[in-house]
Each structure stands twice: as structure tokens, then as C-alpha cells.
Amino acid sequence: MKYFRLIVRNVARNPLRSLLTSLVTIVLVFVVTMVWSVLWLLDLVTAERSENFTAMVAERWSVPSRMPYAYAGPVSRGAARGPDDVVPKDSMTWQFYVGTLDPEKLTRENLVFAIACEPEKIETMMDGLNDLPADQQNQLHEDIAKLKANRRGIILGHNHLRAINKQVGERFKLTGMSISKGLDLEFEIVGAFPAGRYDTMAAFNRDYYVDSMDAYPRTHNGQKHPWSERNLSLMLLRVKDSQDFTRVAGQLERSPELTSPAVRCETMSSGISAMLEPYRDLIWGVRWLLAPACLATILLVIANAISISVRERRRELAVLKVLGFWPYQVLILVLGESLLLGIGAGFISAGLTYAGINWGLGGVSFPVGFLDRFFVPPGALWWGPAVGGVAALLGSLLPAWTARNIKAAEVFAKVA
Amino acid sequence: MNDIFQDGTIVRVDGVHKFFRRGSERVDVLNGVTLDVPEGEFLGLMGPSGSGKTTLLNLIAGLDTPSRGEVWVGDHCISQMGEGELAGWRTRHIGFIFQFYHLLPVLSAYENVELPLLLLPLSASQRKQQVTTALELVGLADRIRHRPGQLSGGQQQRVGIARAIVTDPTLIVADEPTGDLDAHAAEEILDLLCELRETLHKTILLVTHDPRAAQRASRLLHLEKGLLVEQIVRP
């Protein structure tokens with residue numbers, strides 16, 4: 001602590017150089033923080049849970065999955081046939097619906113991707129909606145109650161609400177597209193998903209979807225909708241633990257009721273991993289090239305700044321040795337300067353990133369798979385300083401070692 | 001001072017050789033120098049450039065080690081100490097005054113003088129007392145908050161002297177302390193060194209080219225080509 005004042009003074013000795021070094025570190029720590037926040041989110045959603053598993057059941061050989069609606073019953077029971085078979089704790093059906101606000105203008109903003117489901121299962125089966133703050137939980141609960149009461153109700157994610165420029169309470173009409181072609185639905189917005197959760201999704205009452213499918217022949221010369229027999233996109237099952245998951249998966253995949261088409265059962269995380277598969281190379285590059293490149297750049301910038309500083313101060317460092325500073329104390333002084341710069345800049349960067357992204361922007365859009373947006377995790381408040389500190393420490397090792405080994409007699413001999 | 005030889009000698013240089021290597025060439029700087037310095041002496045070292053004055057001073061101050069021979073200061077054979085041990089020894093026993101002051105520009109006069117005390121197990125109040133005393137001794141009690149850049153050359157050298165005496169060292173070594181000063185400031189610094197010797201009974205080793213500075217020494221040694229060639233003792 002006695003040397004801290006000296007360290008601070010030395011850092012402040014050349015304000016411009018310290019400022020520029022800090023700014024570069026701040027920018028690079030910002031990039032690393034953003035990269036690691038995304039990777040942290042991906043790791044989080046693809047990590048296997050040890051208990052309370054959410055399993056995803058979909059058609060085995062086809063993408064997008066199209067299972068017969070009749071599968072809902074046996075799948076929800078885990079295709080259990082004997083008393084020893086495992087029955088899932090809960091289940092939820094998902095039927096995908098895609099529609100546009102304006103069939104003449106098929107822009108991304110006009111598209112709405114929605115799932116038809118059992119309203120009461122939204123709270124219990126969809127990850128991330130059962131650990132909300134009390135006020136958000138209550139609001140969602142009220143919205144779900146409205147969705148149950150209003151067959152034409154819909155709950156939208158925040159991105160959808162923004163894109164279609166509607167507010168809760170307003171009505172709108174969607175013209176079915178793709179797999180939903182011919183199914184034109186009218187909705188009343190009864191609520192919104194909490195900000196940051198399912199921002200690019202929408203959920204509506206399954207009964208409305210089924211009724212519309214049933215009504216299709218009346219407006220299409222008695223012809224059934226092409227997907228009327230196979231409109232169950234996927235099912236979510238909640239099982240106790242990984243052991244139960246393995247057994248349920250086996251039961252489903254061996255069930256004679258579920259052979260045409262065959263089904264696959266995987267954990268939610270492995271399902272998301274599969275969705276992320278097209279981005280695998282990009283994620284690999286971000287994880288193993290971009291982030292290390294940023295770290296290496298911080299390291300080089302700090303190494304350069306500290307090297308210049310040590311070279312400029314050879315005489316001063318020699319004076320310290322004459323006064324009796326041990327070599328390790330000189331080493332600590334130089335390392336301390338770079339650590340102060342690195343940790344300080346890292347903390348400022350991470351703090352600003354955390355506040356700016358989470359509080360200022362309300363997260364950053366990340367529409368990949370079921371992911372909507374990402375937030376900077378609180379851990380960044382120590383990652384940032386740690387990244388800055390470690391890079392500074394590594395970058396200054398060589399110049400600090402040079403300073404440690406300065407021979408006072410040689411320095412002053414040259415002066416003389 | 002109780003760690004001195006029985007004959008009152010505080011510095012003993014015994015058959016010291018020092019050579020450097022410049023590529024494949026060997027440069028002999030000191031060639032068997034033997035020297036005793038009694039406690040309280042003001043010893044001047046003179047000689048032409050390259051005669052080995054500063055090298056001898058560095059050996060006595062523990063900044064360098066001899067190629068051969070021994071250097072004793074008090075009861076410490078410093079020529080056999082390691083780098084770390086020498087560093088600790090210098091803090092307590094050596095006060096070094098430089099030609100170009102070599103104050104840290106980012107620190108105030110007070111903080112520069114306090115610097116060597118940071119290495120000793122002293123409380124903040126003890127450090128403050130010692131720094132204040134040292135700065136009063138050199139007549140700079142009213143300049144404690146000034147940075148080196150705000151002081152004249154003479155004042156900076158006074159701060160350098162205060163830094164050298166603040167730990168109450170066994171020996172003060174001064175390498176051309178007046179070399180960068182005008183005549184008036186140089187006289188003041190020499191007066192101050194003499195005063196330190198008389199009032200605090202400090203042993204002072206002074207390397208100089210300046211005949212006026214040399215006149216203040218109680219004994220003057222001349223070096224040439226690494227050998228002591230002449231000795232002048234003043235009454």
C-alpha cells in the first residue's frame with residue numbers, strides 16, 4: 001500500500017499515453033465482454049440440466065417437424081405402457097403458425113411467427129418464465145388467464161410488438177403463409193412476454209388453431225388443409241432427471257404408436273444446440289479467434305506502453321535500486337502500474353457495457369433459434385477487470401523483468 | 001556507530017580489482033586498490049576521467065561487486081553479499097548523492113525524501129518526523145510540497161542530500177555533487193556537507209573534478225589508471 005501512491009503517480013506521469021492505453025483496453029475489453037456474454041448465453045442454454053429436464057419431441061427424419069396431432073396423447077404420457085414405464089411430469093404441444101400482416105408486402109417486419117399451445121402450459125413448461133420477478137410473474141399470469149378466456153387472444157414478444165407497431169388491447173389479422181397457408185386468423189393482443197424473454201415469439205390458444213384447421217374445408221371446397229393431419233410441430237415434456245429422460249426417450253422411440261413418422265426425443269439444450277449448428281463455425285471463430293485476438297491486442301498494447309515507460313525511466317528505476325529497493329520491489333512497482341491500468345480500464349469497460357446494454361438498451365437482439373436477446377451477465381463486472389488485469393500482467397512481465405534487472409552501476413556509468 | 005573496526009576504520013578496501021568486458025576485450029578499471037577510511041572522515045577522490053573514481057565509489061556503496069579483493073563497511077563484507085542483501089544493506093547504511101540529483105519528478109520534495117524510509121519498518125508518523133528533520137537540516141522545510149521541476153538546481157541537490165541522510169546512514173557517498181551547479185550553489189552544497197560531517201559526524205566520500213570541492217576534504221586521494229597514486233592529508 002505504501003507503494004500505491006508511487007504507482008498512481010507513475011501512471012499519471014504521461015496522461016496522454018495512459019489515456020490512450022486505457023481507451024484501447026476499454027474498447028477491447030468491451031468486445032471481449034460482448035463476445036463472452038453471447039458465449040455465456042449459448043453455454044447456458046445448451047448446458048444439460050441435472051434435474052427437471054425439458055425434453056423436446058419432434059419428427060425424427062424431417063425438418064421442419066410435422067407430427068400427427070394424434071401423437072399428442074401418447075407423447076404426453078411418454079408412450080408409457082407398463083407400470084414400470086416413466087410418465088412425464090408435464091407436457092406441452094407446439095403447433096407452428098406463420099402469418100403476415102400484409103400479404104402484398106412480405107417484409108420481415110410484417111411476419112409473425114407464433115405457436116399454438118395450451119395457454120396454461122406457457123407458465124409451467126416454457127423455460128425462463130417461471131423465475132420472473134413477482135410483478136412480471138403476476139402480469140404474465142393475468143395475460144395467460146385472458147388467453148384462456150379469449151380464444152382469439154395472443155401474447156406477443158416485444159420484438160413482434162415493436163415490429164407490427166401494435167399495443168396490448170389492439171386487434172390485427174394475419175394471412176397464413178407457408179405451412180399455414182389458407183389459415184387466416186384474427187387476433188386480439190391480450191399481453192406481452194416479459195421483455196428479454198421470447199421477444200421474437202408469439203403464443204396463442206391451441207383451440208383457435210384447431211378450430212381454424214377444422215373450418216378450412218368449408219371455405220376450400222371441402223378440401224382438408226394440406227397439413228391438417230400433421231400439424232403438431234413439437235412437444236415439450238418435463239421429466240424428473242436425466243435418468244427419467246433416458247427412459248422416456250427410449251419409450252418414445254420404441255413405441256409402436258409413434259412409428260409413422262418416427263420421433264426423436266432430445267433435451268431442450270441439445271435441441272437448441274442443433275439449431276445453432278449452422279452457426280457452429282462462426283461461434284468457434286468468435287470463441288477461439290476473436291476473443292483471443294482481442295486479448296492478445298490488449299497484451300501487446302500494454303506491453304508496448306510499459307516497455308516505453310520502463311525505457312524512459314531507466315535512471316529513476318536505477319535510483320530506486322540505489323536507495324535500497326529490492327529487485328522484486330521494482331518488479332512489483334512496474335507490474336502494479338500495468339495492473340492499475342488494465343484492471344481500471346477493464347472495470348470501466350465492463351461497468352459501462354453492463355449498464356449500457358442491460359439498463360440502457362434493455363439487451364441486444366440475438367434472434368438465433370429460440371434466443372431473443374442477450375444481456376451482459378453480472379459476472380462481467382469481474383470478467384472485465386480480470387481480462388484487463390491478466391492481459392496487463394502478461395503484457396508487462398517482460399518490461400517489468402527488464403526493470404528488475406537494471407544494474408544501477410551500469411546506468412550511472414553511461415550517464416557519466 | 002558501533003560496527004567499526006577496532007582502529008576506528010569504517011571502510012576498508014582490500015586489494016580490489018575491477019574489470020569489465022567490452023566484447024572480447026578486458027578493460028581493467030581498478031588494479032589492486034587498498035584503502036582505509038576512518039569514521040567521520042571527509043574523503044575526496046580525484047582523478048582524470050576513466051581513472052576508476054566512480055567505480056570505486058560504486059563498490060564502496062554496494063552498487064557493484066569487485067572482480068577480486070574485498071570491501072568492508074563496518075563489520076559487513078559487502079563484496080560477498082548478494083544483490084537482494086546489498087539492497088537491504090544500502091537502505092540502512094548508504095546515503096547516495098548524485099551529480100544530477102535524480103529526484104523522481106512525479107513526487108514532491110517530501111515524498112522524494114520519504115522514499116528510502118518506505119523500505120524500513122517505520123510508522124507514518126515516524127517517517128514524517130524523519131523527513132521533516134532532514135528537510136529542516138538542508139534548509140528546505142518551506143518547500144516540502146514542491147516538485148523537483150519547481151525547484152532550482154541547488155534546491156534539488158539539497159533535497160537529494162536530505163534523501164541521502166534521512167535514514168541516518170553509516171556512510172554518505174557523493175558522486176560529483178556540485179558538478180551541475182553554479183559556483184554559488186556549489187559552495188552552499190559543500191558548506192552543507194561539511195556541516196553534516198561536523199554536526200552529525202557523518203563519514204563522507206566525495207568524488208569530484210572540482211578543486212574547490214576537493215579543498216573541503218580532510219584527505220584527498222588521486223586515482224590514475226585504477227591505482228591510488230597520491231594522498232594529501234589536510235590538518
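This short talk covers chain B and its contact with chain A.

Keep in mind that this is a predicted model. How confident is the predictor? For the complex, it gives an ipTM of 0.89 and a pTM of 0.70. For chain B, the mean pLDDT is 90. There, 97% of the residues reach 70 or more.

Let's start with the sheet in chain B. Four strands make it up, and it is open. Read across, the order is β2-β1-β4-β5. The pairing is antiparallel.

Which strands stand at the edges? In chain B they are β2, residues 25-38, and β5, residues 76-77. Each has a single partner strand, so one side of each has no neighbour in the sheet.

Look at the β5 edge. Strand β4 of chain B, residues 68-73, is joined to β5(B) by two bridges. These two strands run antiparallel. For one of the residue pairs, find B:Trp72: its bridge partner in β5(B) is B:Cys77.

Now add a helix. α1(B) packs on the sheet. It touches β1 (9-22), β2 and β4 of chain B. The direction of α1(B) makes about 120° with that of β1(B).

On to the contact between the chains. Chain B brings 19 residues, and chain A brings 19 residues. Which elements of chain B give two or more residues to its side? Those are α1 (53-60) and α2 (83-93). So α1(B) turns up twice: it packs on the sheet, and it gives residues to the side that touches chain A. α2(B) gives the most to that side, with six residues.

And the make-up of chain B's side? Ten residues are nonpolar, six are polar and three are charged.

Technical notes:
Residues numbered from 1 in each chain as written. Chains lettered and ligands numbered in written order. Predicted model: local features only at pLDDT ≥ 70, side-chain atom pairs only at ≥ 80, totals over all residues. Contact = placed C-beta atoms within 7 Å. Nonpolar A, V, L, I, M, F, W, Y, C, P; charged D, E, K, R; others polar. pLDDT = per-residue confidence, 0-100. Pairing = 2+ DSSP bridges. Axes fitted to C-alpha atoms, helices over the stretch in contact; angles between N-to-C directions.
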